[in-house]
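Biologist: Please take a close look at one part of this model for me, and then show me how the rest is arranged around it.

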Amino acid sequence: MKDLPQAIVVTGGSGGIGRVVVDLLRRRSEDHGDAVVVSADRTHAPRPRAEGGPSDGVEHRDLDVTDPDAVASFFEDLSGRYRISSLVNAAGTIATGPALETAEADVLRMIDVNALGVLRASTAAARGMVRQG
(Lines give C-alpha, C1' and ligand atoms only; values in the text may rest on other atoms or scores of the structure.)
Protein backbone atom coordinates (compact mmCIF):
# COMPACT_ATOMS: atom_id res chain seq x y z
CA MET A 1 0.00 0.00 0.00
CA LYS A 2 1.32 3.43 -0.91
CA ASP A 3 2.20 5.87 1.83
CA LEU A 4 -0.90 7.89 2.62
CA PRO A 5 -1.14 11.01 4.77
CA GLN A 6 -2.57 10.33 8.22
CA ALA A 7 -5.97 11.55 9.31
CA ILE A 8 -7.68 12.11 12.64
CA VAL A 9 -11.46 11.88 12.22
CA VAL A 10 -13.83 13.70 14.57
CA THR A 11 -17.55 12.95 14.26
CA GLY A 12 -19.81 15.76 15.41
CA GLY A 13 -17.02 18.18 14.62
CA SER A 14 -19.13 21.30 14.12
CA GLY A 15 -20.68 21.57 17.56
CA GLY A 16 -20.21 21.02 21.26
CA ILE A 17 -17.39 18.75 22.33
CA GLY A 18 -16.54 17.83 18.74
CA ARG A 19 -15.98 21.45 17.77
CA VAL A 20 -13.67 21.95 20.77
CA VAL A 21 -11.71 18.80 19.85
CA VAL A 22 -11.36 19.90 16.20
CA ASP A 23 -10.23 23.36 17.27
CA LEU A 24 -7.70 21.93 19.73
CA LEU A 25 -6.31 19.53 17.09
CA ARG A 26 -6.08 22.38 14.59
CA ARG A 27 -4.30 24.69 17.04
CA ARG A 28 -1.93 21.98 18.28
CA SER A 29 -1.05 20.37 14.97
CA GLU A 30 2.58 19.93 16.10
CA ASP A 31 1.31 17.31 18.57
CA HIS A 32 0.07 15.00 15.82
CA GLY A 33 2.57 15.61 13.07
CA ASP A 34 1.24 15.96 9.58
CA ALA A 35 -2.12 14.30 10.26
CA VAL A 36 -5.09 15.95 8.58
CA VAL A 37 -8.00 16.71 10.87
CA VAL A 38 -11.28 15.55 9.30
CA SER A 39 -14.38 17.08 10.86
CA ALA A 40 -17.40 14.94 9.98
CA ASP A 41 -20.87 16.25 10.71
CA ARG A 42 -24.41 16.33 9.37
CA THR A 43 -25.36 19.81 10.55
CA HIS A 44 -23.88 21.70 7.61
CA ALA A 45 -22.67 24.34 10.09
CA PRO A 46 -20.79 27.35 8.73
CA ARG A 47 -17.17 26.52 8.08
CA PRO A 48 -14.84 29.31 9.08
CA ARG A 49 -11.85 30.08 6.87
CA ALA A 50 -8.45 31.14 8.13
CA GLU A 51 -7.54 34.71 7.27
CA GLY A 52 -5.73 34.84 3.97
CA GLY A 53 -5.85 31.07 3.53
CA PRO A 54 -7.97 28.71 1.48
CA SER A 55 -9.13 26.74 4.56
CA ASP A 56 -8.96 26.55 8.33
CA GLY A 57 -6.57 23.58 8.28
CA VAL A 58 -9.45 21.15 8.69
CA GLU A 59 -11.17 19.04 6.04
CA HIS A 60 -14.91 19.36 6.62
CA ARG A 61 -17.04 16.45 5.42
CA ASP A 62 -20.73 15.68 5.67
CA LEU A 63 -21.63 12.53 7.60
CA ASP A 64 -24.85 11.31 9.19
CA VAL A 65 -23.86 8.62 11.72
CA THR A 66 -27.46 7.33 11.74
CA ASP A 67 -27.11 6.20 8.12
CA PRO A 68 -25.18 2.89 8.03
CA ASP A 69 -24.50 3.09 4.27
CA ALA A 70 -23.28 6.69 4.51
CA VAL A 71 -20.92 5.78 7.37
CA ALA A 72 -19.50 2.79 5.47
CA SER A 73 -19.03 4.88 2.29
CA PHE A 74 -17.47 7.75 4.22
CA PHE A 75 -14.79 5.59 5.81
CA GLU A 76 -14.23 3.56 2.64
CA ASP A 77 -13.56 6.77 0.72
CA LEU A 78 -11.45 8.25 3.49
CA SER A 79 -9.29 5.14 3.86
CA GLY A 80 -8.49 5.35 0.15
CA ARG A 81 -7.03 8.83 0.63
CA TYR A 82 -5.72 8.76 4.20
CA ARG A 83 -4.29 6.39 6.77
CA ILE A 84 -6.81 6.77 9.58
CA SER A 85 -4.78 7.10 12.75
CA SER A 86 -7.51 8.11 15.21
CA LEU A 87 -11.25 8.45 15.56
CA VAL A 88 -12.98 10.73 18.06
CA ASN A 89 -16.67 9.86 18.37
CA ALA A 90 -18.16 13.20 19.43
CA ALA A 91 -21.43 13.19 17.48
CA GLY A 92 -24.26 13.29 19.95
CA THR A 93 -27.71 14.47 20.83
CA ILE A 94 -29.87 14.46 23.92
CA ALA A 95 -33.56 14.07 24.59
CA THR A 96 -34.45 16.53 27.32
CA GLY A 97 -37.53 17.18 29.37
CA PRO A 98 -39.69 15.28 31.80
CA ALA A 99 -39.87 11.55 31.02
CA LEU A 100 -43.66 11.63 30.76
CA GLU A 101 -43.45 14.37 28.14
CA THR A 102 -40.52 13.05 26.10
CA ALA A 103 -41.52 11.48 22.80
CA GLU A 104 -40.24 7.96 22.20
CA ALA A 105 -38.96 9.08 18.78
CA ASP A 106 -36.67 11.60 20.52
CA VAL A 107 -35.22 8.88 22.75
CA LEU A 108 -34.79 6.50 19.80
CA ARG A 109 -32.95 9.24 17.86
CA MET A 110 -30.66 9.78 20.84
CA ILE A 111 -29.86 6.05 20.97
CA ASP A 112 -29.33 5.93 17.20
CA VAL A 113 -26.83 8.82 17.26
CA ASN A 114 -25.13 8.28 20.63
CA ALA A 115 -24.87 4.49 20.72
CA LEU A 116 -25.36 3.06 17.24
CA GLY A 117 -23.55 5.98 15.60
CA VAL A 118 -20.49 5.25 17.72
CA LEU A 119 -20.71 1.57 16.80
CA ARG A 120 -21.07 2.32 13.08
CA ALA A 121 -18.23 4.83 12.93
CA SER A 122 -15.89 2.77 15.11
CA THR A 123 -16.51 -0.41 13.14
CA ALA A 124 -16.09 1.28 9.75
CA ALA A 125 -12.92 3.10 10.88
CA ALA A 126 -11.49 -0.11 12.33
CA ARG A 127 -12.15 -1.99 9.08
CA GLY A 128 -10.18 0.66 7.20
CA MET A 129 -7.38 0.55 9.76
CA VAL A 130 -7.13 -3.24 9.52
CA ARG A 131 -7.03 -3.10 5.69
CA GLN A 132 -4.24 -0.54 5.90
CA GLY A 133 -2.23 -2.66 8.30
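Which residue of β4 stands opposite Val10?

Modeller: Happy to. The partner of Val10 in β4 is Val88. Before going further, a word on the ground rules: this is a predicted model, in which local features need pLDDT of at least 70 and side-chain atom pairs count only at pLDDT 80 or more, while totals for chains, interfaces and linings use all residues. Residues are numbered from 1 along each chain as its sequence is written, and side-chain values use heavy atoms, with hydrogens and water left out.

Let me start with β1 itself, which spans residues 6-11. Strands here are DSSP runs of E with at least two residues, helices are runs of H or I with at least four, and both are numbered from the N terminus. Five of the six residues of β1 are buried, so the strand is largely enclosed by the rest of the structure. Buried stands for a relative accessible area under 20%, exposed for over 50%, and partly exposed for the range in between, with a 1.4 Å probe and protein chains only.

Next, the neighbours of β1. Strand β4 (residues 83-89) runs parallel to β1, and six bridges join the two. Besides the valine pair above, Gln6 stands opposite Arg83 in β4. Strand β2 (residues 36-41) also pairs with β1 in the parallel sense, over five bridges, and there Ile8 stands opposite Val37. To get from β1 to β2 the chain passes through helix α1 (residues 16-27), in a β-α-β crossover that is right-handed. That handedness is read with the strands pointing away from the viewer: the path from the first strand over the helix to the second runs clockwise. For pairing, the requirement is at least two DSSP bridges between the strands.

Stepping back, the sheet is an open one of four strands in the order β3-β2-β1-β4, with parallel pairing. At the edges stand β3 (58-62) and β4, each with a single partner strand, so one side of each is left without a neighbour in the sheet. On average, neighbouring strands are turned by 25° against each other, direction ignored; the axes are lines fitted to C-alpha atoms (for helices over the stretch in contact), and angles run from 0 to 180 degrees between N-to-C directions. As a rule of thumb, side chains in a regular strand alternate between the two faces of the sheet.

Two residues are worth following from here. Arg83, in strand β4, counts as partly exposed at 30% relative accessibility. Its C-alpha lies 5.6 Å from that of Leu4, although Arg83 and Leu4 are 79 residues apart in sequence. Ile17 belongs to helix α1 and is exposed, at 66% relative accessibility. Ile17 and Ala91 are 74 residues apart in sequence, with 8.4 Å between their C-alpha atoms.

For the wider setting, the protein chain has three helices and four strands, which follow one another from the N terminus as β-α-β-β-α-β-α. Of its 133 residues, 34% are buried.

The charged side chains add another layer, with nine salt bridges in the structure; each is a side-chain nitrogen of Lys or Arg within 4 Å of a carboxyl oxygen of Asp or Glu. Among them, Glu76 meets Arg131 at 3.6 Å, N to O. Glu76 lies in helix α2 (residues 68-81) and Arg131 in helix α3, so this pair ties together parts that are 55 residues apart in sequence. Arg131 is partly exposed, at 48%. Another of the bridges joins Asp112 and Arg120, with the closest N and O atoms 2.9 Å apart, and here both residues are buried. Glu59 and Arg61 also form a salt bridge, at 3.5 Å between the closest N and O atoms, and this pair is linked with Asp77 and Arg81 in a network of salt bridges.
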